[in-house]
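Here is a walk through one protein chain, a few spots at a time. Keep the viewer open and look up each residue as it comes along.

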Amino acid sequence: MIIKKFFPAFFSAVLLVSAFVVCALYGQNIQPSTQTVSVQSADSAYAKSLKDTAAGMKGVWVTYMELSMEHEADKSEKAFTEKFKVIAENCCDAGFNTLIVQVRPFCDALYKSDYYPYSHILTGTQGKNPGYDPLKIMCKICRSKDLNIHAWVNPYRVTYNNVPERLSQNNPYLMDKNMAVETETTTVLDPSNEKARKLIANGVAEIVKNYDVDGVQFDDYFYPVDIESLDIAGYNDYREKAKGEIMTLENWRKANVNLLVAECCAAVHKYGKNAVFGISPQGNLENNAELYADVKSWCEVSGYCDYICPQIYFSLENPALGFNEALSEWCELKLADTVKMYAGLAGYKAGTDDDEGTWEYSDDVLYNEYNILKKNNKISGFMLYSYSSLLSGEAKKEMDNLKKAMAITNN
């Protein structure tokens, strides 16, 4: 039985909008406010429902590029099924227990959706029905391999650097451009727009309603870094309608993201069958402020997420920011009883000259980082970015050593 409890949430310049939470009754419209509000939040039953092994989360991110059929000669259901079956088998054989599959990369879907067109990566054309349901197939295969599956969603992104080149006529952005903001590099749904927020939350709800997923995850893209003053009209409209203390532009932006996050978490809890909601923010704690991602509140206040997985994509010797230093900063944050913390590891950097060449010094960076995480009682597991690193020739030694460490834990 789900136990619900009330907790206070405050908006103020002092608290940096750190505890704005929406009622767990999905769909209730609560505008950003400086007033104290009392709301409901699901208790830890959701966090406990994640079927981690005794060794904890061992996840792999599977990107839309790795799932893509766009440039395949055979784009059939059979071809996609075989492709994903190989992905699942390779991850299983390596000792992982969870796949985080990217199902909404560009305001589109790798599943049958009432709100988003089919992704271009399935057929080469956004909106074209591939003739099968990729997420249904992925769920079925994961169940057959005893793997958990989380649906990875980029909530706001419509295009990035002209990808995709052409949007479907039923893309939500083309149907209502007032819902979006266009910068020099990207088009995103406007985090301050109520219709955009409702669209995203409805999209999350339909995933957990219709598919046998263990969770939904947001990645690290929130406000674009080059937003500048493109949302100033929305902020001025808020100022005109607000009662009481007026939030700064920075706090208002954080409130908009917090509101969406809380609504999506509530949707997962209301409609999902023991599904959890997670977020994977940037690993440099300070960088999240540039995206108006209130990670401190997401960790410390129940009702935003069930887990958080910072992308700590740094070597141990990275001169700019080392793995241990970044991990320590995250572990200094308090965790609500309902929130788990995982760590994202940079499989894609293995064997490269990234982080000023420090990945080239040894072939056991990931091995050592995994063992560090295993001894940290605040960390409940890790996720590896991404699947391709398991197949990379230059990453082979790193991956072999990581697999050995995982095998020791599994046994």
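Let's start with Asp176, which is buried, with a relative accessible area of 15%. That falls under the 20% limit for calling a residue buried. Keep in mind that this is a predicted model. Which residue does the side chain of Asp176 meet in a salt bridge? The partner is Lys195, at 2.7 Å from N to O. The two come from distant parts of the chain: Asp176 sits in the loop between helix H6 (172-175) and E7, while Lys195 belongs to helix H7, 19 residues apart.

**More salt bridges**

The structure has 12 salt bridges, and here are three of them side by side.

| Side-chain pair | Distance, N to O |
|---|---|
| Asp176 and Lys195 | 2.7 Å |
| Arg143 and Asp212 | 2.7 Å |
| Glu82 and Lys85 | 3.8 Å |

Take the pair of Arg143 and Asp212. Arg143 is in helix H5 (residues 134-144) and Asp212 is in the loop between helix H7 (194-210) and strand E9 (215-218), so their salt bridge ties together parts that are 69 residues apart in sequence. Buried or exposed? Arg143 is in between: it counts as partly exposed at 29% relative accessibility. Asp212 is partly exposed too, with a relative accessible area of 45%. There is also a little network here, as salt bridges with shared partners join Arg143, Asp212 and Asp214.

Glu82 and Lys85 are a local affair. Both lie in helix H3 (residues 77-94), three residues apart, and that is about one turn of the helix. Glu82 is partly exposed at 40% relative accessibility, and Lys85 is partly exposed with a relative accessible area of 30%.

**A three-stranded sheet**

Back to E7, the strand we met next to the loop of Asp176. In which order do the three strands of its open sheet come? The order is E6-E8-E7, with antiparallel pairing. Strand E6 (157-160) and strand E7 (180-182) are the edges, each pairing on one side only. From one strand to the next, the twist averages 10 degrees. E7 and strand E8 (residues 186-189) run antiparallel and are joined by three bridges. For a concrete pair to click on, try Val181 and its bridge partner in E8, Val188.

**An enclosed strand**

Now for E3, strand 57-62. How many of its six residues are buried? Six of the six are, so E3 is largely enclosed by the rest of the structure. In a regular strand, side chains alternate between the two faces of the sheet. You can follow two sets of residues here: Met57, Gly59 and Trp61 point one way from E3, and Lys58, Val60 and Val62 point the other way, with all of them buried.

E3 pairs with E14 in the parallel sense over five bridges. Four bridges also join E3 to strand E4 (residues 98-104), again running parallel. Val60 is a good place to see both pairings: its bridge partner in E14 is Leu384, and its bridge partner in E4 is Leu99.

**Helix H13 and the loop before it**

E3 turns up again around helix H13. In H13, the residues Val365, Leu366, Glu369, Tyr370, Asn371 and Leu373 are buried. The elements covering them include strand E3, helix H11 (323-331), strand E13 (343-346), strand E14 (381-385) and helix H14 (396-410).

Thr358 sits in the loop between helix H12 (354-357) and helix H13 (365-374). With 6% relative accessibility, Thr358 counts as buried. A polar atom of the Thr358 side chain lies 2.7 Å from the backbone oxygen of Asp355. Leaving out residues up to four places away in sequence, Thr358 touches Ser315, Glu317, Asn318 and Pro319.

**Cysteines**

How many disulfides does the structure hold? Zero. For Cys331, the nearest cysteine sulfur is that of Cys299, 9.7 Å away. A disulfide needs the two sulfur atoms within 2.5 Å, so this pair does not qualify. Cys331 is buried with a relative accessible area of 18%, and Cys107 is buried as well, at 2%.

**The whole chain**

Zooming out, the protein chain has 14 helices and 14 strands. Of its 411 residues, 60% are buried. Among contacts between residues at least 6 apart in sequence, 75% join residues at least 24 apart.

Note on methods:
Residues are numbered from 1 along each chain as its sequence is written. This is a predicted model: local features need pLDDT of at least 70, side-chain atom pairs count only at pLDDT 80 or more; totals for chains, interfaces and linings use all residues. Side-chain values use heavy atoms; hydrogens and water are left out. Buried means under 20% relative accessible area, exposed over 50%, partly exposed in between (1.4 Å probe, protein chains only). Two strands pair if DSSP finds at least two bridges between them. Axes are lines fitted to C-alpha atoms, for helices over the stretch in contact, and angles run from 0 to 180 degrees between N-to-C directions. A polar contact is a pair of N or O atoms within 3.5 Å; within protein, one must be able to donate a hydrogen and the other to accept it, and residues adjacent in sequence count only if both atoms are side-chain atoms. Contact means heavy atoms within 4.5 Å. A salt bridge is a side-chain nitrogen of Lys or Arg within 4 Å of a carboxyl oxygen of Asp or Glu.
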